[in-house]
Amino acid sequence: MHDGISVAKTCDIPPGKSIGVHCHGEDIAVFNVDGVFFACSNRCPHAGAPLQGGMIAGTVLSCPWHGWRFDLAAGPDAPKDGVIRYPVMVSEDDIIVGTYVTN
């Protein structure tokens, strides 16, 4: 992971919850899905809704405004749905979000 930034502690995001953070010059939503953390851009490509307020079913995030769906577990290069996924690592109790890297 390149240039990771600690954005929260694991206790800050209980399972099933999310927070919005600003890192790497972007607004990013960070989700706790049953103890596994995911991060993505915090703006729906359809109408700009903040994705941090969306509903989670498994690893699928539904936009809170119009229900568009995005799989948080998809790799950063697929699918091409307009939502950027960021690599997340947990070190001790720090949630670290890496930069999005294109090939």
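## Exercises on a predicted all-strand chain

Leaving aside neighbours within four places in sequence, Asp 3 is in contact (heavy atoms within 4.5 Å) with His 24, Val 97 and Thr 99. This is a predicted model, in which local features need pLDDT of at least 70 and side-chain atom pairs count only at pLDDT 80 or more, while totals for chains, interfaces and linings use all residues. Residues are numbered from 1 along each chain as its sequence is written, and side-chain values use heavy atoms, with hydrogens and water left out.

**Exercise 1.** State where Asp 3 lies and whether Asp 3 is buried or exposed.

*Solution.*
- Step 1: Asp 3 sits in the segment before β1 (5-9). Strands are DSSP runs of E of at least two residues, and helices are runs of H or I of at least four residues, both numbered from the N terminus.
- Step 2: Buried means under 20% relative accessible area, exposed over 50%, and partly exposed in between, with a 1.4 Å probe and protein chains only.
- Step 3: The relative accessibility of Asp 3 is 61%, so Asp 3 counts as exposed.
- Step 4: Val 83 is 80 residues from Asp 3 along the chain, and their C-alpha atoms are separated by 20 Å.

**Exercise 2.** Describe the strand content and the compactness of the chain.

*Solution.*
- Step 1: The chain has 10 strands and zero helices.
- Step 2: The radius of gyration, taken over C-alpha atoms, is compared with the globule rule, 2.2 Å times the number of residues to the power 0.38.
- Step 3: The radius of gyration is 12 Å, close to the 13 Å that the rule gives for 103 residues, so the chain is as compact as a globular protein of that length.
- Step 4: The C-alpha trace spans about 35 × 35 × 20 Å along its principal axes, and buried residues make up 33% of the 103 residues.

**Exercise 3.** Identify the residues that touch the most other members of the largest nonpolar core, and the strands that contribute to this core.

*Solution.*
- Step 1: A nonpolar core is a set of buried Ala, Val, Leu, Ile, Met, Phe, Trp, Tyr and Cys residues joined through side-chain atoms within 4.5 Å.
- Step 2: The largest core has 13 residues, of which Phe 31, Cys 40, Leu 51 and Leu 72 touch the most other members.
- Step 3: β3 (26-33) and β4 (36-41) are the elements that give two or more residues to this core; the largest share, three residues, comes from β3.
- Step 4: A second, separate core of 11 residues includes Ala 8, Ile 13, Ile 28 and Tyr 86.
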